Amino acid sequence: MILLGFVDDVLDVPWRVKLLLPSIAALPLLMAYAGHTTIIIPKPLISYVGQEVLDLGWVYKLYMGLLAVFCTNSINIHAGLNGLEVGQTVVIASAILIHNLMQIGASSDPEYKQAHAFSIYLVQPLLATSLALLSYNWYPSSVFVGDTYTYFAGMTMAVVGILGHYSETLLIFFLPQVLNFLLSLPQLSGYVKCPRHRLPRFNPETGLLTGTRDGTLINFYLRMVGPKSEKTLCIHLLLVQALGCCFCFLLRYLLAGWYK
């Protein structure tokens, strides 16, 4: 994925092609995947489905491929501010690490604990190196990460979610990215004209950023709360990311024992 991200940085790949690049990088993961392809039916739906466990077969692998494509592109699309790309990775990776530790402590199943331990083996180096990178990428940035890092970070988190068997939880951790993707769909699909860069407009007189009509969470937030400096805007968006992760933990706590 790092190689494909570098190709994107150098060759200026169109948005529609960008959506397909992670599917190429996900092929080795899907071919080597030896885990289960079953899902546990939520308790309220068991009476309608007629069984507690459903084997999806190849559909499950298709879902994993689409998850890898989404996670990789969602980090790349929700970007453009000093510290935002690396900052959101640090927040999500921290939430993933906490989730894995909680699941290991709460479970007595060796196989289940091993899956979460393997997830920790991958996400801990990502978190540590991203923290170091954030010190250089924070406003005012002296290092710019580009698509090479965003693709790498998104794919890494997709892999730990898939091999750790908590893809539902991972998607809720990506809640701001999901919202950003939904806001971006009209432009990414070609229904609305999509410029190369969909960044907010800088006002040289005030030194603040103002939101444009482009469909991104950054511009939507600026239109809702008004102009902000780049540093303040990045902090606000990272707080939104952290709140999304806290909401995921709260949701899992409230639905435990009732949903599954």
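This is a short tutorial dialogue about reading helices, a loop and cysteines in a predicted model.

Student: Let's begin with H7. How many residues does helix H7 have, and what distance does it reach?

Tutor: A helix can be checked by comparing its reach with the span expected for its residues. Helix H7 covers residues 110-137, which is 28 residues. From first C-alpha to last it reaches 39 Å, close to the 40 Å expected at 1.5 Å a residue.

Student: Where does H7 bend?

Tutor: Look at Val123, where H7 bends by about 25°. A proline, Pro125, follows within four residues.

Student: And what caps the N-terminal end of H7?

Tutor: That is Asp109. One of its side-chain oxygens lies 3.2 Å from the backbone nitrogen of Glu111.

Student: Which residues of H7 are buried, and what covers them?

Tutor: The buried ones include Ala115, His116, Ile120, Val123 and Leu127. Farther along the list you will also find Ser130, Leu134 and Asn137. Their cover includes helix H6 (84-106) and helix H8 (146-163).

Student: What does UniProt list around here?

Tutor: An unreviewed UniProt entry lists several stretches under "transmembrane region", among them 20-41 and 118-139. You can then ask what the model shows for each stretch. Residues 118-139 are 91% helix and 0% strand, with end C-alpha atoms 34 Å apart. For residues 20-41, the span is 55% helix and 14% strand, and the end C-alpha atoms lie 30 Å apart.

Student: What joins Tyr139 and Pro140?

Tutor: For a peptide bond, the angle to read is omega. Here omega is about -5°, and the bond joining Tyr139 and Pro140 is cis. Pro140 itself sits in the loop between H7 and H8.

Student: Where is His165 found, and what is the sign of its phi?

Tutor: His165 is in the loop between H8 and helix H9 (167-173). Its phi is positive, about 60°, although His165 is not a glycine.

Student: Is His165 buried, exposed or partly exposed?

Tutor: Partly exposed, because its relative accessibility is 35%, between the 20% and 50% cut-offs. Leaving aside neighbours within four places in sequence, His165 is in contact with Tyr33, His36 and Ala115. Sequence distance and spatial distance are worth reading side by side: His165 and Tyr112 are 53 residues apart in sequence, and their C-alpha atoms are 8.8 Å apart in space.

Student: Now H10. Where is its kink, and what follows the helix?

Tutor: Helix H10 runs over residues 175-188, and its 14 residues reach 19 Å, close to the expected 20 Å. A kink of about 30° lies at Leu182, shortly before the proline Pro186. After H10 comes Gly190, with a positive phi near 90°. The buried residues of H10 are Pro176, Gln177, Asn180, Ser184, Gln187 and Leu188.

Student: How many disulfides does a search of the whole structure find?

Tutor: Zero. Cys245 is in no disulfide, and the nearest cysteine sulfur, in Cys246, is 7.0 Å away.

Student: Why is Cys246 not bonded to Cys245?

Tutor: Because the two sulfurs are 7.0 Å apart, which is too far for a bond; the cut-off is 2.5 Å. Cys245 also counts as buried, because its relative accessible area is 4%.

Note on methods
Residues numbered from 1 in each chain as written. Predicted model: local features only at pLDDT ≥ 70, side-chain atom pairs only at ≥ 80, totals over all residues. Heavy atoms only, no water. Helix = DSSP H or I, 4+ residues; strand = E, 2+ residues; numbered from the N terminus. Expected span 1.5 Å × (residues − 1). Bend = angle between axes of the 7 residues up to and from the residue. Buried < 20%, exposed > 50% of the residue type's maximum accessible area, 1.4 Å probe, protein only. Contact = heavy atoms within 4.5 Å. Polar contact = N/O pair within 3.5 Å; in protein donor to acceptor, adjacent residues only side chain to side chain. UniProt positions renumbered as here; feature names shortened; annotations may be inferred.
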